[in-house]
Protein chains: 4
Amino acid sequence: MTRVAILGAAGYTALELIKILLRHPQVEVTALADRLEGQPHVAAVHPSLTGRLDLRLEHLSPAELAARAECVFACLPHGVSASIVPQLLDASARVVDFSADYRLADPEVFATWYNQKHPDPGRLGKVVYGLPELFRQRIVAADLVANPGCFPTSAILPLAPLLREKIIKPEGIVVDSKTGVSGAGRTPRLTTHYPECNESISAYNVGRHRHTPEIDQYLSEAAGTRIEVVFTPHLAPMDRGILTTTYSWPNGEVGEEKVLGALREFYADEPFVRVVDHLPGTKDSLGTNFCDITARMVRGRVLTISCLDNLLKGASGAAVQNFNIMYGYPETMGL
Amino acid sequence: MTRVAILGAAGYTALELIKILLRHPQVEVTALADRLEGQPHVAAVHPSLTGRLDLRLEHLSPAELAARAECVFACLPHGVSASIVPQLLDASARVVDFSADYRLADPEVFATWYNQKHPDPGRLGKVVYGLPELFRQRIVAADLVANPGCFPTSAILPLAPLLREKIIKPEGIVVDSKTGVSGAGRTPRLTTHYPECNESISAYNVGRHRHTPEIDQYLSEAAGTRIEVVFTPHLAPMDRGILTTTYSWPNGEVGEEKVLGALREFYADEPFVRVVDHLPGTKDSLGTNFCDITARMVRGRVLTISCLDNLLKGASGAAVQNFNIMYGYPETMGL
Amino acid sequence: MTRVAILGAAGYTALELIKILLRHPQVEVTALADRLEGQPHVAAVHPSLTGRLDLRLEHLSPAELAARAECVFACLPHGVSASIVPQLLDASARVVDFSADYRLADPEVFATWYNQKHPDPGRLGKVVYGLPELFRQRIVAADLVANPGCFPTSAILPLAPLLREKIIKPEGIVVDSKTGVSGAGRTPRLTTHYPECNESISAYNVGRHRHTPEIDQYLSEAAGTRIEVVFTPHLAPMDRGILTTTYSWPNGEVGEEKVLGALREFYADEPFVRVVDHLPGTKDSLGTNFCDITARMVRGRVLTISCLDNLLKGASGAAVQNFNIMYGYPETMGL
Amino acid sequence: MTRVAILGAAGYTALELIKILLRHPQVEVTALADRLEGQPHVAAVHPSLTGRLDLRLEHLSPAELAARAECVFACLPHGVSASIVPQLLDASARVVDFSADYRLADPEVFATWYNQKHPDPGRLGKVVYGLPELFRQRIVAADLVANPGCFPTSAILPLAPLLREKIIKPEGIVVDSKTGVSGAGRTPRLTTHYPECNESISAYNVGRHRHTPEIDQYLSEAAGTRIEVVFTPHLAPMDRGILTTTYSWPNGEVGEEKVLGALREFYADEPFVRVVDHLPGTKDSLGTNFCDITARMVRGRVLTISCLDNLLKGASGAAVQNFNIMYGYPETMGL
C-alpha cells in the first residue's frame, strides 16, 4: 500500500488521476493540495467525486505533502513545477511530474520555447521521461519521472520504432494532430468557450506549440540523429482524445506490412499499445490507457495514425503506469 | 434606407444582428459601439465578418450614436441599458432594446428578480413588448421597443392563445425549457467552458431564472388573471436553439385538434410562427426567425412543444422584425 | 468465480457490460452470442475491445449458453427476450434480462403499449424488478431479474420515497426527461443519424413512450394507489446520460429541506444513489453507476432533478449490481 | 427570372440549395424530383422547409424536368448522374452537376477510382470544372458545369496559386483534411450513427478517397506538371465544415509574406475567397460561401490552412455561384 498526494488537484488531469487511484487496490490518497480560496472539499470542486473521497484541497507546503505521502503527483503549470519539485525530492517524496519542466534535456531549448529561464536547470538531462515503452528500466528506480505530454506520446509511440529500425528517414516528418478541448485545461478562456469552439475545427499555435521540442528530442534519440518535425495541432469539438497522423519518407523499398510488422514486433509485449489493422478512431481508446496505432503506405509515403485519450495515456493514465513501475505493482493495476 | 447603429457590438446577439442587417436591402449599418480597449475593427472581434463590414467598435456616447443613426439596437446588459436608453431617446434615436430593462411593468418586480433598483422606473409599463404576434400595432409607432427574452418568446407564443381562448386553465402551468449554450453570452465562465458543459445536460437557476416574471406578466395579460408559472431552464450541449415543453390543464373537455386548431387560427397570418403537426426539433428552426409550435393531449393534460433559434426569433431576428414594423418595411425583409 | 455469457452482444449495453465484467475480479466471460453473419470476433464488432477479450459472437442456442455459463445477461429486444428466457431458465441458467419483457405485471398492459401479445404471460407479475434500492431482498434469490428501463430508474428513484412518505400527491405528476442518443441503440436510423440529431433537441414518442407503464406501475406500488404520470422524453445531442425533472404537488405544508431530508434518509445506506444539494448535470454521473438526485420547491410545487448514465445505472451497471446481489458478491464489485 | 429544378431533392446538398434559392430574387424553383415512395411533399422530407416551399418530390423524367425548368441542379450519386445528364442536355436544359461524374478528364482514371465504367465517357475532358476562381470565363457559356467536390475546393484554392507562381514544388505535397459529418450524406450508416462518430475523430479512406484524382488533376493543371498528392480525410464530430492543412516544399527562399502576398494578389477581386492573417476555424465560414485561407512557414515548409462550409462553398453555394455566372446575375446574388 502506498500513500499518495496530488498537488494541483483542481484541474482535469487531477480529476482523472483521482478516479484511477480510487480504483487502485494498493493506493491510499492521503492529501490533495491546491491554492483555491477557502480550501474547499474536493466534491465542491469536482462534483462527480461526491461521496467518493473525503478530502479538502488544502494549502500544503512541500514538506507537509512529503510528510503525508510517499509519492506526489504534481499537476502544476510549467515553470511553477520546477520550483516546487526540488523541495518535494529534498523531503524524500518521489514525484511524478505532469508539467513540461523536466522533459527537455537542454535549459536553452526550454528557455526558447517556454519564454522563461528554467528554475532548476541542473537537473535537466538527468530525469527519466515517463514513457515506459521506451524507458521502463530507468523508471523503476527513479525518484522523479517527467510524465510525457499528450501530443508527444501520440507521435513518439508510432514513430520511434520506425526511426530506430531505419524504416523511415529522419528528414521531412510531418505530425498533424487533432485534440479534444480538455487538453487546454480547466481555466475558462474565449478559445475554449463552448459557442466558440463547438462545431468548429481549427489549427492553433502553428509552428510554435511547446510540445514540438519534446517530440524532436525523443525522436532524435530514437533515430540517433537530429530530428526537427513539423508539428501542427488542431482543436476538435470533443472533450477528449488525440488523433495523430504522421507523414514520413521510407528508407528504400518499404511495404505496408513491413511497417506494421515493425510496430507489432516492437510493441508485442506492451500492455497499453495496440497495433491494429483497422483505422482507429479516438473513441476506441476513450476512457482507457491504450494507444492504438496503425500504418499505411500512400503513394510512397509512410503514414502512421495513432490515437489515445489525452487525459489518460496522454496524462493521468501514463502517470499511474509510471507509478506502478516505480513501486513494483503490476503495470496495469488500476488502469 | 435607414441608418442603424449597434451598441454592445462584441456579443453573440450583435454578431447575428449584423449578419441579418448586411442582408437587409434597406439598412445601412453606420456605427458599432462597445467598450473594448483599442476600439478594434469588427473583424478582429468577429472573424466571420472579415471583409463584410468595415467598421471599428468605437467608444461612442449616446449623442454620437444618435447623430450617426436613426435607429439604435442596444445589446447591453440589464441595468446598464436603462441608464443609456433614455439618453438615446432624448437625442431622437429610436431604440430596440435587447436587455430585460423595459420588459417588466413593475419596478418592484424588477428589483426583486434582478437584485437592483431600476435606473429608469418612470418608463416601465409604457414600453411596448416587441412580440409582434401580440403587440404589432403598438410597435409601429414606438420609439422604444423592449425586445423579448428568448425563453419568454418560446413560452408565450404557444400559451398565450390558449389562455386567451380559455382552452387551458391559468393555474398550475409548468414550463420546461432546454437551451443551447450561446444563450449564456460570450463571456467565458466555468459553466460554459467546453469540457464542463459538453456531453452534459443540467437544470440551472431553478426557481429563480429572471425570465420567470416576464413569462408571468404576458401570460397574465393574455389570461386576464394573475399567472405564476413554474419555469425550469436546462442547459443542453449545443450552440443554439430553445425547445420548450409546457404542461397545463384544459378547461373542460378539450381534444388535441381543438388545441391545435386554436393555435393555427391565432397564427394563420403570422409570417414567423409555424403551427405544425409533427414534433419539431430545434434544428428545424436553426438559422431562421421561425417559432415552430405543436400541441398534444396526454392523459388529460395539454402539452405544447415549441422551438426557435435563441439568437434569432429569441433575439436578433425578432429585433429586425420589430425594426421592420417600426420603419414600415415588409416584416420579413432581411429575415 | 462465476461464468457469465452475454446474449445480444453486438449492442451498446453489451459493450458497456463487457467493459465492466472485464474489471470484475469474480467473473469470467465465457460466451458471447448474437446473430451476425460470419460469427465475427468481438473486436471486429467493438474495436475498443481489441486485445481485451478473445471471443467470437457465436450463434448459440439457450442450451449451449446455459452449458457455458451460470448466469446469462440477455440484451435482446422486447418480444424476442421472452421467447428465449424461459429456455435459459429451463436449462438452469440464471438470467438478468435487459428487455422490457418481464418488467410489467399485466400482460394486457404489455399488449397495449408494445402492440403485441406477450410470449410468456404466465411469468408476469412474479419476476423481481431489478431496482436494488427498492427490491434488494427479492433479488438475492431470483433466477430471473427484470433489469429496469433507463428512464424509469431516473424517475422512480427520486419519486418513490416521496410517494411512500406521502410527501407528494399521487395525482398530476409530470416527468420530463432528456436522454443522450445511445439510448436509441446501435441500429442506424435517420433520427439518430449524426447530422439530423446533432445540435438539436426534440421531444419524441410524446404520450406513448413504452417506459410510461413501467413508471406508473412502480410508482403506484410505492404510493399504494394507482398513478398515471405524464412522461415526456427528449432527445439531447450527447452520447450518454439522462436528466429527469419531475413536477409534483406536495401533501400539505412541505419545505425543501423536508423533501431533501426524506430522500437522504431513504438512500442513506445506498452505494449508488447520491442525494446532493447542488443541481447535478449528467456529466457528474457519466461513466459511473451513480444516480444523483436533488429536489427544489418552486412556487408550491415539488421538483426533483435526477441524473444517471443511461448505459450504466440505466442498464449495464444496474445489471452487474443485480448480478452481485444474486451471487453474493459485494454490491459495488466491478462498478 | 430563371426557372430551376432540383433532381435528387431529398439530400443535404439539395436542402441547402433550396434555402439559398428561396432567398435568390431571380429564381423560381419550379420542380423537385426524387425517387421516394409516395412522392411526398418537400416539408415531409425537410421539416425546416415547412411553409416555405409548396412542392412535392416528384418522379420526373429528364424531359419533364427540362420542360419545367431552364436550369437543373443534379444532386445525384456518381455513376447515376452521367446516365441522366445527357438526356437533360438533349432536352435543352442547362445543368449544374453535383456528382463527380464530369470532374475528371480521363475515363480510365474515373474507372480506377470509382470502380465502374463511365456511362458517358465522350464528354469527359470537355466539361468545365465549376471553380469560378480558376475557370470563370468558361462557366459563362457552359451548358454543363461540374460542381467541384468539397475537399478539392478546400485544397485547390490555397495550392493552385502557389503552384502557378512556382512558389512551392509540385513534389511531396500532403493534404490533411478534417470534415464534418454532413459530407457523408443523409443515408444512415453505422459510421455516421451519432454514438459512433460523436466525441471521436478518425481518418478514413486513407489512400483511396475519390477526391484524390480530382485534386491531382487541377493542381497538375495549375503547376503545368503531373502532381500526385497524399490526401488524408478525417471525420470530425461536427455537422459542417472542412479544414484543410497542406504541407509543401518551397522553391528556393520563400518567406511567409511572399506566400500570403501571392494568395492575396491572386484572390484580390474574388468575392468568396478571404486570405486572412489569423488562423481560421471552420466556424468562421459556417453558413457562408466563403473559403478562408492563410499560410505559414514552419521549419522551411510551406503550410496552408483553409476552411469552408462543405455544404455551401463545398457544394450548394458554389453551385449557385456557378448558376449566377451562367445566367449573368451578380455572382453573389442569394449568397
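**Chain contacts, sheets and a buried arginine**

Where chain B meets chain A, the contact draws 15 residues from chain B and 15 residues from chain A. On the chain B side, the biggest giver is helix H8 (residues 194–197), which puts in three residues. Sorted by class, the residues of chain B that touch chain A come out as seven nonpolar, four polar and four charged. All of this is read from a predicted model.

Next, the relation between copies. Chain A can be laid on chain D by a rotation of 180 degrees with 0.0 Å of shift along the axis, and the fit has an RMSD of 0.0 Å. That makes the relation one of a two-fold axis. As for the surfaces used, 100% of the interface residues of chain A are interface residues in chain D as well, so the copies meet through the same surface.

Within chain A there are two domains: domain 1 covers 2–126 and domain 2 covers 150–310. Their C-alpha centres are 26 Å apart. Across the boundary, 10 residues of domain 1 of chain A touch seven residues of domain 2 of chain A. Helix H5 (residues 107–114) of chain A gives the most to the domain 1 side, with three residues. That side of domain 1 of chain A has eight nonpolar residues, plus one polar and one charged.

Chain C gives a good view of an open sheet. Seven strands line up in the order E3-E2-E1-E4-E5-E7-E6, with parallel pairing. Strands E3 (57–58) and E6 (128–129) of chain C sit at the edges with a single partner strand each, so one side of each has no neighbour in the sheet. Further in, strand E1 (residues 2–7) of chain C pairs with strand E4 (residues 71–74) of chain C in the parallel sense, over four bridges. One of the residue pairs there is Val4(C) with Cys71(C), its bridge partner in E4(C). Helix H1 (residues 12–23) of chain C packs on this sheet and touches E1, E2 (27–33) and E4 of chain C, with its direction at about 165 degrees to that of E1(C). Another helix, H4 (residues 81–90) of chain C, lies across E4, E5 (94–97) and E7 (144–146) of chain C and runs at about 160 degrees to E5(C).

Back in chain A, strand E8 (residues 174–179) has six of its six residues buried, so the rest of the structure largely encloses it. Both faces are covered: Val174(A), Asp176(A) and Lys178(A) are buried on one side, and Val175(A), Ser177(A) and Thr179(A) on the other. E8(A) pairs in the parallel sense with strand E10 (residues 230–235) of chain A over six bridges, and there Val174(A) stands opposite Val230(A). E8(A) also pairs with strand E11 (residues 242–248) of chain A, this time in the antiparallel sense and over six bridges. In that pairing, Thr179(A) stands opposite Ile242(A).

Finally, a look at one residue of chain D. Arg240(D) lies in the loop between strands E10 (230–235) and E11 (242–248) of chain D. Despite being a loop residue, Arg240(D) counts as buried, because 28 other C-beta atoms lie within 10 Å and the cut-off is 20 or more. Leaving aside neighbours within four places in sequence, the contacts of Arg240(D) are Gly180(D), Ser182(D), Leu286(D), Asp309(D), Asn310(D) and Leu311(D). Arg240(D) and Lys283(D), 43 residues apart in sequence, have their C-alpha atoms 8.8 Å apart in space.

Terms used:
Residues numbered from 1 in each chain as written. Chains lettered and ligands numbered in written order. Predicted model: local features only at pLDDT ≥ 70, side-chain atom pairs only at ≥ 80, totals over all residues. Pairing = 2+ DSSP bridges. Helix = DSSP H or I, 4+ residues; strand = E, 2+ residues; numbered from the N terminus. Contact = placed C-beta atoms within 7 Å. Axes fitted to C-alpha atoms, helices over the stretch in contact; angles between N-to-C directions. Nonpolar A, V, L, I, M, F, W, Y, C, P; charged D, E, K, R; others polar. Least-squares fit on C-alpha atoms with pLDDT ≥ 70 in both. Domains from an automatic or database assignment. Buried ≥ 20, exposed ≤ 12 C-beta atoms within 10 Å, placed from the backbone.
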